[in-house]
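Please look over the sequence and the structure shown here before reading on. The report that follows turns to a pocket and then to the nonpolar cores.

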Amino acid sequence: MQFGPLIKFYRIQQGLTQKELANGICSVPHLSKIESNSKEANQETMGLLLERLGVNLASITENEDQIKQLVSELNEKIDYIQEDEAEVVSEKLKEFEGIIPFTTNLHKYELTKFRYLIFKGSLTEAQVQYELLNKQKKIFSQPQMALFSYLYAVMLLKKRIYKKADVILDNIGRGSKFDISDGELLYHRALAKTSLEDLGYAIYYGKMALQEFVKEHNFKRILHVLMLLGINYTNSKIYEEAQDCYKHLIRNAEILKEVKLLPEIYHNMGYLQKKLKNYQDAIFFFEKSLSLQNKETQHYLITLYTIGEINYELKNEDKARESFQEVYELSKHPENRKYRVLANYYLMTLEAPEKSLAYTESKVIPFLEENDGKSEELIWFYKMLSNHYQKIGRFDQAVKYIEKIN
C-alpha cells in the first residue's frame, strides 16, 4: 500500500488543507513530502495523520487483501463463465475503486476490469479501457504485458478482426507466464483458426483446449470447445466425429439448461444433417433452434432462411415460400441485406423462374462477390448458372461461371 498518496486521497476527500491536517503533528513541507512518497513517515506520525483522517491502518491493510481476493475471484468467475456471479464480484470491487490506485493491485485490477468488459460484451467500454492500459504498458511486467496482448486479441475476436487476433495469439504461445489458463489461450487460438477457416489448426488447438478444460472440470468451456470441434469436423467432412460432438453437446447442454447455447447447438446439428442430406432431421433441429431464438437477431434469419432452402429442395413450395417471405420482411436492416437479396431470389424463382435468372446475374452474384468472397452460396449460384447455360447451349457463358468457381 502506498500510504503517502492514500493520505492525500483521504485529505482531499474530506476537504482538508495540508496545514489543517499537519497542525500539531508535523510541518506542512514534511506532510507534502510524505504525500508525494518522497519521504517515509515514521509509524507514530503516520498513525496520528490517519487517526485525524478517521482511517484505521488495520482496515486499510485488510482492504488491500480483500481487493486482491476479489480480483482473483472475478477472474475465476470469468474462467467458468458464471455471468451473474461475476457481476456481483465486479460490483463489490467498484466499492474499492477509490483506494485501488494506492494499492499494489492497481494494474492487476485494471487488466481484470478490461477482461470483464470484454467478457460481458461491453466492447465500447472495453476499447476505452484498452486505450487507458495502452498508455501504461511501458511499466507493465512481462506477465502483465502478455496478459494485455492476450486480452486485446480476445477483444479483436469479439469485433471479428480475426487475422490480427490470430497473429497476436500465435506470438504469445502456450506456456507464457501470465494469469490465464492454458485452456483459455488454446480455446481462443482454436476460435481464431475456426474464424479463418484454418480447419487443421482449429481442430488441433480445440482438442488441446478440451483436455485442459476436462482437467479443470470447466463444463461450460467444454461445451464451447465441442461446438468449435463440431463446426470444424463438419467443414472438414469428418461427419462421424461432428455427429459425436453434437450428440454430447445436446445431451449436456440440455442437462445444464444452457439456454443461450442451445439454439446454436441445434442450428449446427441441423447444418450437419443438411450436409448429410438427412433433410427431415435437419428441419427438426433447425426448428428447435428457431423456437429458442429472438426474431430480431441475424441468427434467426439464418436459421429460417436455411429451413426455406431445405423445403425448396424438397419441393415443399408453400413452406419454402412462407419461410422466404418472413426472411424478406425481417431483413430490412442494411446489415441483413444478404438475406433480403437471397430470399427475394427464391421468392422470384417460385413465381417466375426466368426473371430470377436475370435477378441472379444483375443483383445476387454482384452482391455476394462484393461482400462474401467465395462463399458456399456464391459457388452454388455459379454452378446453377453454368448448368443453365449448358442446357440452352450458351457454352461461352457456362465456361465463364465455371472459371469463376476455379
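## A pocket and two cores

The second largest pocket holds about 300 Å³ of space, where a pocket is an open set of points on a 1 Å grid over the protein atoms alone at which a 1.4 Å probe fits, with protein on both sides within 12 Å along at least five of seven lines, and lining residues have an atom within 4 Å of a point. Among its 13 lining residues, Tyr312, Tyr345, Thr349, Leu357 and Met384 are the closest to the centre. This is a predicted model, in which local features need pLDDT of at least 70 and side-chain atom pairs count only at pLDDT 80 or more, while totals for chains, interfaces and linings use all residues. Residues are numbered from 1 along each chain as its sequence is written, and side-chain values use heavy atoms, with hydrogens and water left out.

The lining divides by class as follows.

| Class | Lining residues of the second largest pocket |
|---|---|
| Nonpolar | seven residues |
| Polar | four residues |
| Charged | two residues |

Helix α21 gives the most to this lining, with five residues.

The largest nonpolar core (buried residues, under 20% relative accessible area with a 1.4 Å probe, of Ala, Val, Leu, Ile, Met, Phe, Trp, Tyr and Cys, joined through side-chain atoms within 4.5 Å) has 35 residues, of which Val364 and Phe381 touch the most other members. Its largest share, seven residues, comes from α19. Leaving aside residues up to four places away in sequence, Val364 touches Val341, Leu342, Tyr345, Tyr359 and Phe381, contact being heavy atoms within 4.5 Å. A second, separate core of 32 residues includes Leu93, Ile99, Phe102 and Tyr116.

Technical notes:
Buried < 20%, exposed > 50% of the residue type's maximum accessible area, 1.4 Å probe, protein only. Helix = DSSP H or I, 4+ residues; strand = E, 2+ residues; numbered from the N terminus. Points joined across faces, edges and corners; volume = space filled by probe spheres on them. Nonpolar A, V, L, I, M, F, W, Y, C, P; charged D, E, K, R; others polar.
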